[in-house]
Amino acid sequence: MTATTTAAETVRPHTAPPPAEDRPRRRLLPFSPWHLLLAPLAVIFALPLFWLLLSSVMTNAEINKFPPALWPSGIHLGGYRYVLGNAMFPRWFANSLIVSATAVVSNLVLGSLGGYAFARMRFAGSRSLLVLMLATTAVPFQLTMIPTFLVMKRLGLIDSLGALIVPSLVTPFAVFLLRQFFLSLPRELEEAAWIDGCSRLRVLFRIVLPLSRPALSTVAVLTFLTTWNDLTWPLIAINHDTQYTLQLGLTTFQGLHHTQWAAVMAGNVITVLPVLLAFLGAQKSFIQSITSSGLKG
């Protein structure tokens, strides 16, 4: 005799409520507790930029006042007029843009080629060459500036933008960062392309680089920041004011007996703007390059 049970007769097992420690805790704050630490730190780091912006709309008398004025008496644009009225300022801006853009493009291209070679190709002395390349990052610029100057002089590039571009064409940091990112990519993607008849260069430009956009953005931003803000090497390699970069040109506003501080502050505000825009534009990719494994999905 078979017993039939209906849905009403089925006894459902009693589910006990989850333990108190497993229940989701209700947040006391509408944001992460880390923000209580990060927000004051962000304010502290933003204070110099805020002071720079305020000083750029002050007069020279207010900037030189002691104790210093914490707030401008009004919006004075004399510093901006002085900077933008300088006939050489657009030339300096263009020089900095040419040098920085060339350095960014060359580091992306040459750094990708070098990083891919170290990541995927095995040749005699590859590891030793990689270690030697990384060891050069520990050498301070003060030890290499004289040999670099002599090389640029032999090439006839002193007092030209070429002297600023050639030493920045590729950096060990760009090669190493891209190599590390390429190592995180699965080889199966490249092997499938090789089976289809793709060459190494085609695999690099068609498959590897599209997956490496976060790392490429990081290299581009850091290279742009380093080249745009460089002052020491242009001060050594450039003599004529028509070849000045923006950072070097701003030093002409400071004299031995008198300094146009309002113009210096206004010029620095204009100089900082491209840097902020470049970082904000690539911030998402910059963070992703640190946390990403190189492949989504």
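These are my notebook entries on what I looked up in this structure, which is a predicted model.

**Entry 1: the surface patch**

I started on the outside and looked for nonpolar side chains that sit together. I found a nonpolar patch on the surface made of V105, V109, L110, L113, V170, L201 and F205. Together these residues have about 580 Å² of accessible area. I then asked which elements give two or more residues to the patch. They are α4, covering 89-120, and α10, covering 200-211. Helix α4 gives the most, with four residues.

I picked F205 for a closer look. F205 has its place in helix α10. Is F205 buried or exposed? Neither word fits, because its relative accessible area of 44% makes F205 partly exposed.

**Entry 2: the largest pocket**

Next I went to the largest pocket and noted a volume of about 910 Å³. Its lining has 28 residues, and the closest to the pocket centre are F141, P167, S168, T171 and T226. Several helices give two or more residues to this lining: α4, α6 (141-154), α8 (172-183), α11 (213-228) and α12 (232-237). So α4 turns up in my notes again, here at the pocket and earlier in the nonpolar patch. Which helix gives the most to the pocket lining? That is α11, with five residues.

I also sorted the lining by class. I wrote down 14 nonpolar residues, 13 polar residues and one charged residue.

**Entry 3: the enclosed space**

I searched the whole structure for cavities of 30 Å³ or more and got one. The largest cavity holds about 50 Å³ of space. Its lining is F118, R122, S126, R127, L130 and R179. Helix α5, residues 126-135, gives the most to this lining, with three residues. How do the lining residues divide by class? I noted three charged, two nonpolar and one polar.

**Entry 4: the salt bridge**

I then looked for salt bridges, and the whole structure gave me one. The side chains of R120 and E190 meet in it, at 2.8 Å from N to O. R120 lies in helix α4 and E190 in helix α9 (residues 187-195), so this pair ties together parts that are 70 residues apart in sequence. Both partners, R120 and E190, are buried.

I stayed in helix α9 for one more residue, A193, which has its place there. A193 counts as buried because its relative accessibility is 6%, and the cut-off for buried is under 20%. I also checked A193 against R206, which is 13 residues away along the chain. Their C-alpha atoms are separated by 9.5 Å.

**Entry 5: pairs distant in sequence**

I looked up Q180, which is found in helix α8. Q180 is partly exposed, with a relative accessible area of 35%. I paired Q180 with Y116, and the two are 64 residues apart in sequence. In space I got 9.3 Å, C-alpha to C-alpha.

After that I turned to G249 in helix α13, residues 246-250. Is G249 buried or exposed? G249 is buried, with a relative accessible area of 0%. I then noted how G249 relates to M88: they are 161 residues apart in sequence, and 8.3 Å apart in space from C-alpha to C-alpha.

**Entry 6: a backbone angle**

My last stop was D159, in the loop between α6 and α7 (162-165). What is the phi of D159? I noted a value near 65 degrees, which is positive in a residue other than glycine. D159 counts as partly exposed because its relative accessibility is 27%.

**Recap for my own use**

Helix α4 carries R120 of the salt bridge and gives four residues to the nonpolar patch. Helix α8 is among the elements at the pocket lining, and Q180 is found in α8. Helix α9 holds E190 and A193. The pocket lining has one charged residue, while the cavity lining has three.

Definitions and conventions: Residues are numbered from 1 along each chain as its sequence is written. This is a predicted model: local features need pLDDT of at least 70, side-chain atom pairs count only at pLDDT 80 or more; totals for chains, interfaces and linings use all residues. Side-chain values use heavy atoms; hydrogens and water are left out. Patches are made of residues with over 30% relative accessible area and no salt bridge: like charges are joined within 9 Å, nonpolar side chains (Val, Leu, Ile, Met, Phe, Trp, Tyr) within 5 Å. Accessible areas come from the Shrake-Rupley method with a 1.4 Å probe; for residues, only the protein chains shown count as cover. A salt bridge is a side-chain nitrogen of Lys or Arg within 4 Å of a carboxyl oxygen of Asp or Glu. Buried means under 20% relative accessible area, exposed over 50%, partly exposed in between (1.4 Å probe, protein chains only). On a 1 Å grid over the protein atoms alone, a cavity is a set of points where a 1.4 Å probe fits but cannot get out, and a pocket is an open set with protein on both sides within 12 Å along at least five of seven lines; lining residues have an atom within 4 Å of a point. Grid points are joined across faces, edges and corners, and a volume is the space filled by probe spheres set on the points. Ala, Val, Leu, Ile, Met, Phe, Trp, Tyr, Cys and Pro count as nonpolar, Asp, Glu, Lys and Arg as charged, and the others, Gly among them, as polar.
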